[in-house]
Amino acid sequence: MNSCRAYALQILAAAAALTLASCAGIPEKLAPPTLTDAAPLAGLPVPTGGTWPDRDWWKRYHDPQLDALIARALQSSPTLAQTQARVVIAEQQIVGKRAAGAPYLASSATVSRQRISDNGFIPSQFIGFSWYTQADLGAQFQYDFDFWGKQRALVDASVDQARAASADRSAAWLVLTSSVAETYFGWLADEGRLAMAKLLIAGLQDQRRVVQARERQGLESSDPSSNAAIDLQTARQQEIIIEGSAQLRKANLAALLGVAPAELPALAPRPFPQVAVALPADVGMALIGRRPDIAATRWRVEAASEQVTKARADFYPDISIKALIGLSSIDLGRLFDYGSRVANVAPAISLPLFDGGRLKAAYGSTRAQLDLAIADYNAAVVNAARDVATQALTLQQLSQQRAQQAQEIAAVEQTRKTAAARVRQGIADDRAVLVVQVRLLREQDAALQLAAQSLVTQAELIRALGGGYSATDAGSDPEGSGMHFDAARNTAVPKTSDGTNHP
């Protein structure tokens with residue numbers, strides 16, 4: 001007995017020595033990644049003092065038609081259904097990873113009827129019977145000890161991937177709502193321009209009639225009449241283009257809503273709302289926490305970091321225990337006798353000693369994946385800053401152009417009044433007023449286009465500012481889910497900046 005015990009201790013000592021030798025090449029613990037905490041927007045020559053978009057940012061326009069379109073889109077969009085399905089998949093993967101690290105307990109019960117061969121290695125004549133019934137009843141237990149945090153890292157990585165999926169859903173939500181608003185504003189512009197085109201055609205027709213009358217009286221050559229006909233034909237062609245654009249925008253609206261064009265609600269032209277230009281004062285510091293695409297890349301950095309932790313833990317030995325307890329008997333009537341009990345306990349330790357570099361390759365791959373995730377995050381921050389700067393500067397430029405356009409309209413309007421006064425005094429004919437009236441309509445059409453571009457650009461700026469999303473507020477998720485998943489509780493909670501979960 002003492003010699004067996006000494007032999008077992010020698011085996012354990014040898015296993016421990018091999019394990020320690022194999023652990024000598026474990027990589028150093030990875031330091032937390034350093035990520036930028038501000039968007040590069042310093043020095044942007046745009047007015048500040050504006051407010052961040054609200055969750056329902058489109059309601060600032062006080063347009064019931066736009067409200068109804070976006071509500072319908074959020075309800076029926078197939079794009080949102082896709083992102084929601086990805087969130088559910090990510091949630092279930094958390095539950096699966098959590099279950100993989102939990103103790104495993106199973107029960108089994110079998111009853112088999114068997115016959116022993118008369119010509120086998122042990123003939124039935126020596127046993128005294130040919131048929132027997134084997135009955136087994138037992139329970140198996142298995143548990144893998146997570147001393148090195150391998151399974152915990154996998155669960156945390158799944159949590160972060162679920163958070164990234166939730167942020168992706170918010171990003172898709174933002175793209176959808178802003179796309180509906182931009183398309184709707186474009187349709188409003190087309191309808192306004194279509195009405196303007198009809199007035200322009202009527203004015204050109206009047207102008208052509210005056211020119212033709214003067215030509216018949218011999219007061220004009222044929223050139224003015226030909227030019228008037230060309231202008232009229234051009235205006236009619238422009239009307240066709242605008243009308244086609246309006247129909248195309250309605251088709252795009254239907255696609256965004258996931259319905260047929262015939263199922264769109266009735267839309268009527270409306271005046272354009274006002275447009276604000278100023279950015280929030282803290283846009284550089286706060287933008288990172290308000291862009292869902294940046295939040296998604298940040299969670300993927302966290303997930304990649306956990307995968308590195310898991311790959312490092314693979315260098316340590318796996319320690320597990322298996323146990324079996326049950327009853328076994330070839331006499332069904334004696335299955336529950338005390339002597340029918342069976343038991344087995346098997347603790348185990350395992351570690352690859354010569355793996356051909358697999359562990360180092362896997363660790364190197366996860367490190368590269370982490371570097372890629374960090375690069376994606378940094379690129380997302382830079383792209384977000386460029387997006388905000390582009391839309392803000394464009395909106396400011398459009399505001400200046402609109403102010404200049406308003407001055408031009410005022411000047412043309414004054415010219416029209418002067419021409420009308422000269423007609424009343426008999427100094428000039430109606431053609432002078434008609435010419436100025438046509439120019440005024442064209443200037444008003446240009447102003448309408450600038451107003452539409454300003455509205456569309458403001459919607460794009462709102463999207464660039466995150467559209468009311470906040471990564472630090474669990475209740476700020478646009479769908480209302482605020483999904484911050486805690487695998488230990490199988491529920492949703494906010495997450496702190498250091499990566500832990502709030503209780």
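**Confidence and local features of the predicted model**

The protein has a mean pLDDT of 83, and 85% of its residues reach 70 or more. The structure discussed here is a predicted model, and confidence varies among its elements: helix α2 (residues 64–76) has the highest mean pLDDT, at 93, while strand β8 (residues 491–492) has the lowest, at 32. Over residues 474–503 the pLDDT is below 50, although this stretch still has 72 contacts in the model beyond near neighbours in sequence. Where pLDDT is low, the predicted coordinates should not be read in detail.

A good place to begin a tour of the helices is α9, which covers residues 358–424. With 67 residues, helix α9 reaches 96 Å from its first C-alpha to its last, close to the 99 Å expected at 1.5 Å a residue. Just after α9 comes G426, whose phi is positive, at about 80 degrees.

Helix α10 spans residues 430–464 and includes T457. T457 counts as buried because its relative accessible area is 7%, under the 20% cut-off. Leaving aside residues up to four places away in sequence, T457 touches Q391, T394, L395 and L398.

The surface offers a contrasting case in F126, which is found in helix α4 (residues 124–127). F126 counts as exposed because its relative accessibility is 70%, over the 50% cut-off. Together with F121, I122, I127, F129 and I330, F126 makes a nonpolar surface patch of about 710 Å².

Notes: Residues are numbered from 1 along each chain as its sequence is written. This is a predicted model: local features need pLDDT of at least 70, side-chain atom pairs count only at pLDDT 80 or more; totals for chains, interfaces and linings use all residues. Side-chain values use heavy atoms; hydrogens and water are left out. Helices (H or I, at least four residues) and strands (E, at least two) are DSSP runs, numbered from the N terminus. Buried means under 20% relative accessible area, exposed over 50%, partly exposed in between (1.4 Å probe, protein chains only). Contact means heavy atoms within 4.5 Å. The expected span of a helix is 1.5 Å times one less than its number of residues. Patches are made of residues with over 30% relative accessible area and no salt bridge: like charges are joined within 9 Å, nonpolar side chains (Val, Leu, Ile, Met, Phe, Trp, Tyr) within 5 Å. Accessible areas come from the Shrake-Rupley method with a 1.4 Å probe; for residues, only the protein chains shown count as cover. A salt bridge is a side-chain nitrogen of Lys or Arg within 4 Å of a carboxyl oxygen of Asp or Glu. pLDDT is the predictor's confidence in each residue, from 0 to 100.
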